[in-house]
Amino acid sequence: MTTMFRYPVFPHLQDPCDPGLSLSPGRSVMAEPDYLEGDCDELIKPKKLINPVKTSRNHQDLHRELLMNQKRGLAPQNKPELQKVLEKRKREQILKAQKEEQEAHKKRSDLEIELMKRQQKLEQLELEQQKIEEEQENTPEFVKMKSNLRRTKQETDEEERTT
């Protein structure tokens, strides 16, 4: 019961289960494992090793999700290397600009601080005026006319009092 692919063609190598049998020179150089035949009980038959990554629940869930996404056509889009580098540079530039701005805030003199306060006050006043104008634009025309009538009435009353 010998197979064709048992051991390489070397006379000193013999089958451990059948010590009297050596391979002839016409047979293949590749060796097949003896445990496939099952005729030799002396050898310890190896068991297939379990891959802990593939058996983990997280890996199985991720694999299942990737397969489902691939079937739906939602495969993850890999960005090209150039785009990744450009995005990284942009992030670095933004961070650098923020750091410079923070340093500039720290190094301001008293005069600059006062000027900044005044500028902020002016901006707030402008915003308030814009809000008032928007409210006036959004109010109905009859309300505008009523307020105009009140003003004219008050002005005429004041003129009569002064005279």
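1. Secondary structure. This predicted model contains five helices and zero strands. Read from the N terminus, the order of elements is α-α-α-α-α.

2. Burial and surface. The protein has 163 residues, and buried residues make up 5% of them. Its accessible surface comes to about 15700 Å². Carbon and sulfur atoms account for 55% of that surface.

3. Contacts along the chain. Take the contacts in the protein whose partners have a separation of 6 or more. Of these, 31% join residues that lie 24 or more positions apart.

4. The salt bridge. How many salt bridges does a search of the whole structure find? The search finds one. Asp61 is paired with Arg64, and their closest N and O atoms are 3.0 Å apart. Both residues belong to helix 2, which covers residues 57-72. Because Asp61 and Arg64 are three residues apart in this helix, about one helical turn separates them.

5. Exposure of the pair. Are these two side chains buried, exposed or in between? Asp61 is partly exposed, with a relative accessible area of 32%. Arg64 is also partly exposed, at 45%.

6. The negative patch. Glu133, Glu134, Glu135 and Glu137 form a negative patch on the surface. One of these residues, Glu135, lies in helix 4, which spans residues 110-138. Membership of a patch requires over 30% relative accessible area and no salt bridge. Glu135 has a relative accessible area of 53% and therefore counts as exposed, since the cut-off for exposed is over 50%.

Note on methods. Residues are numbered from 1 along each chain as its sequence is written. This is a predicted model: local features need pLDDT of at least 70, side-chain atom pairs count only at pLDDT 80 or more; totals for chains, interfaces and linings use all residues. Side-chain values use heavy atoms; hydrogens and water are left out. Patches are made of residues with over 30% relative accessible area and no salt bridge: like charges are joined within 9 Å, nonpolar side chains (Val, Leu, Ile, Met, Phe, Trp, Tyr) within 5 Å. Accessible areas come from the Shrake-Rupley method with a 1.4 Å probe; for residues, only the protein chains shown count as cover. A salt bridge is a side-chain nitrogen of Lys or Arg within 4 Å of a carboxyl oxygen of Asp or Glu. Lys and Arg count as positive and Asp and Glu as negative; His and the chain ends are not counted. The place of a charge is taken as NZ of Lys, CZ of Arg, CG of Asp or CD of Glu. Helices (H or I, at least four residues) and strands (E, at least two) are DSSP runs, numbered from the N terminus. Buried means under 20% relative accessible area, exposed over 50%, partly exposed in between (1.4 Å probe, protein chains only). Contact means heavy atoms within 4.5 Å.
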